[in-house]
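Thanks for coming, everyone. I have one structure to walk you through today, so please get comfortable and keep the viewer open as we go.

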Amino acid sequence: PLWRFLQETVTGLGPLSAREVVYRAQGNIAATIGNVISWQGIVDALNTLLSPVETHLWSPCVILEGGAVLHFAPYTLTQFSGSQLEPVESISGVVERAYSERLRLRPGEALRAPLRAAVQVRLDRVQRKEDSLRLALTRGEKAEELKLNGQAILAGMAEIHPGQTEVPSENGTISLDPKLSPSENAQRYFREYTKARDATRELPELLERARLDKEYLQQMLTLVELAEGEVELRALSRELAEAREGAVGSGSGSVSGATTRPGSNRDQGKAKRTTGRPKADQTLGTVRRVTTAGGHQILMGGSAKGNERATFDLSAGNDIWFHARGIPGAHVILKVGGQEPSHRTLLEAARLAALHSQARGSTKVPVDYTLQRYVKKVKGGPHGLVTYSQERTVRVDATESQAQGLPEEE
């Protein structure tokens, strides 16, 4: 998704602001990089969004759903056209209103803020590690050049004079340490070559591990925001405490980009549902349960381990697995029990997957679904990461307001 590319590319841009840039430039937050015809429009939208940093002309607002604050920002959130936007006089007023309502309306909110901060600290650390590894890999790719420099110095030793600082080469010049002899300069390049070569061999594996750790933490951050009450927040806190830096888990679960390929809602107003409580044994991971109007049970992971448990321990091969495409969120499993689910039931499960993802509150959210048998754990990866295949995609409305018309199927 284009918004995710911007979030990972532009320093300081979060998911909400990245989606706002994409909506202003493309008119659709689900746009992909391939949809971009001119990047100048993206740049212009980004500059407009960030211009108050210099002008200080902010326009803070809150987005309301059912009277509760769904989102807030120091700029106008144009991406929520179907929601109620309410301007607020000051940024501090926006923050005070949003968090006071969350404390009032969301049980366990006092646990949410420190847990969110703890995950973000780890996420920032992993991001810095990934950036450092990519830089090291770039340097390692120049290892062959270091070896050639050493060989060139040895070949031209007779023409190098004491105190010389550089020698010509086919690709320009080679720097010399004037305090060293030609032989010592050559050995210095050979040592740097060996170090760079050896580092390059390990870097791809380290980079992959850092990427998986980042996706795990992005998933955890989303699940912290979506957690319903103290039980789920404490379960997430335990999972985070168990996760070691550099190896945040062992096993798998949710998607957030590691793919082989790129509650009750008004649009199901007559659907009767019963939401079960999370399991008491938090070492297994919390799982929510919902019953559809057609009598099918839906499972939703409430934590990274809960995602894994719902997908691999509580589901069968013919059950249907749902996940918002390319973004962190809950695994949603539609238990079919040998019955063919209706199209309405499939859409209901897809909407739950969108509502329990980072795209909550957005329209036209792409949700992938496939049979559970086609979902595989990432070998050695953190809890919450899977690969899948044979998927189909629906686009659903992830706002609390009623979706207009049927989702588009791909």
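**Starting from a small sheet**

Let me begin with one residue pair: Cys61 sits opposite Pro87 in β3. Before going further, please keep in mind that this is a predicted model.

That pair belongs to the antiparallel pairing of β1 with strand β3, residues 84–87, which runs over four bridges. In this pairing you can also find Leu64 opposite Gln84 in β3. On to the other partner: β1 and β2 are paired antiparallel over five bridges, and there Glu65 stands opposite Ala68 in β2.

Put together, we have an open sheet of three strands, antiparallel, in the order β2-β1-β3. The edges belong to β2 and β3; each has a single partner strand, so one side of each has no neighbour in the sheet. From one strand to the next, the twist averages 30 degrees.

How covered is β1? Five of its five residues are buried, so to speak a mostly covered strand. Cys61, Ile63 and Glu65 point one way from β1, while Val62 and Leu64 point the other way, and all of them are buried.

Now look at the loop between β1 (61–65) and β2 (68–73), where you will find Gly67. Is Gly67 buried or partly exposed? With a relative accessible area of 47%, Gly67 is partly exposed. Its C-alpha atom is separated by 8.8 Å from that of Gln84, 17 residues apart along the chain.

**The six-stranded sheet**

Let's move along to another sheet. Here six strands form an open sheet with antiparallel pairing, in the order β6-β7-β9-β8-β10-β13. At the edges stand β6 (287–291) and β13 (392–396), each with a single partner strand, so one side of each is left without a neighbour in the sheet. The twist averages 25 degrees from one strand to the next.

At the β13 end, strand β10, residues 365–371, pairs with β13 in the antiparallel sense over five bridges, and Pro366 stands opposite Arg395 in β13.

Which strands does helix α10 touch? Helix α10, residues 304–313, packs on the sheet and touches β6, β7 (297–301), β8 (320–324) and β9 (332–335). The direction of α10 makes about 150 degrees with that of β7. Helix α11, residues 343–355, lies across β7, β8, β9, β10 and β13, and runs at about 40 degrees to β8.

**Cores, and one last helix**

The largest nonpolar core has 46 residues, and those touching the most other members are Leu6, Leu77, Ile298, Phe322, Leu334 and Val367. The element that gives the most to this core is α11, with eight residues.

Let's zoom in on Ile298. Beyond its neighbours within four places in sequence, Ile298 is in contact with Arg288, Arg289, Val290, Thr292, Val332, Ile333, Leu334, Ala349 and Leu352. There is also a second, separate core of 16 residues, which includes Val119, Met220, Val224 and Leu233.

Leu233 takes us to helix α9: Glu232, Leu233, Ala235, Leu236, Glu239 and Leu240 are its buried residues. They cover an arc of only 160 degrees around the axis, which puts them on the same side of α9. As for its length, α9 (residues 230–242) has 13 residues and reaches 18 Å from its first C-alpha to its last, close to the 18 Å expected at 1.5 Å a residue.

That's the tour, and I'm happy to take questions.

Key
Residues are numbered from 1 along each chain as its sequence is written. This is a predicted model: local features need pLDDT of at least 70, side-chain atom pairs count only at pLDDT 80 or more; totals for chains, interfaces and linings use all residues. Side-chain values use heavy atoms; hydrogens and water are left out. Two strands pair if DSSP finds at least two bridges between them. Helices (H or I, at least four residues) and strands (E, at least two) are DSSP runs, numbered from the N terminus. Axes are lines fitted to C-alpha atoms, for helices over the stretch in contact, and angles run from 0 to 180 degrees between N-to-C directions. Contact means heavy atoms within 4.5 Å. The expected span of a helix is 1.5 Å times one less than its number of residues. Buried means under 20% relative accessible area, exposed over 50%, partly exposed in between (1.4 Å probe, protein chains only). The arc is that of the directions from the helix axis to the C-beta atoms. A nonpolar core is a set of buried Ala, Val, Leu, Ile, Met, Phe, Trp, Tyr and Cys residues joined through side-chain atoms within 4.5 Å.
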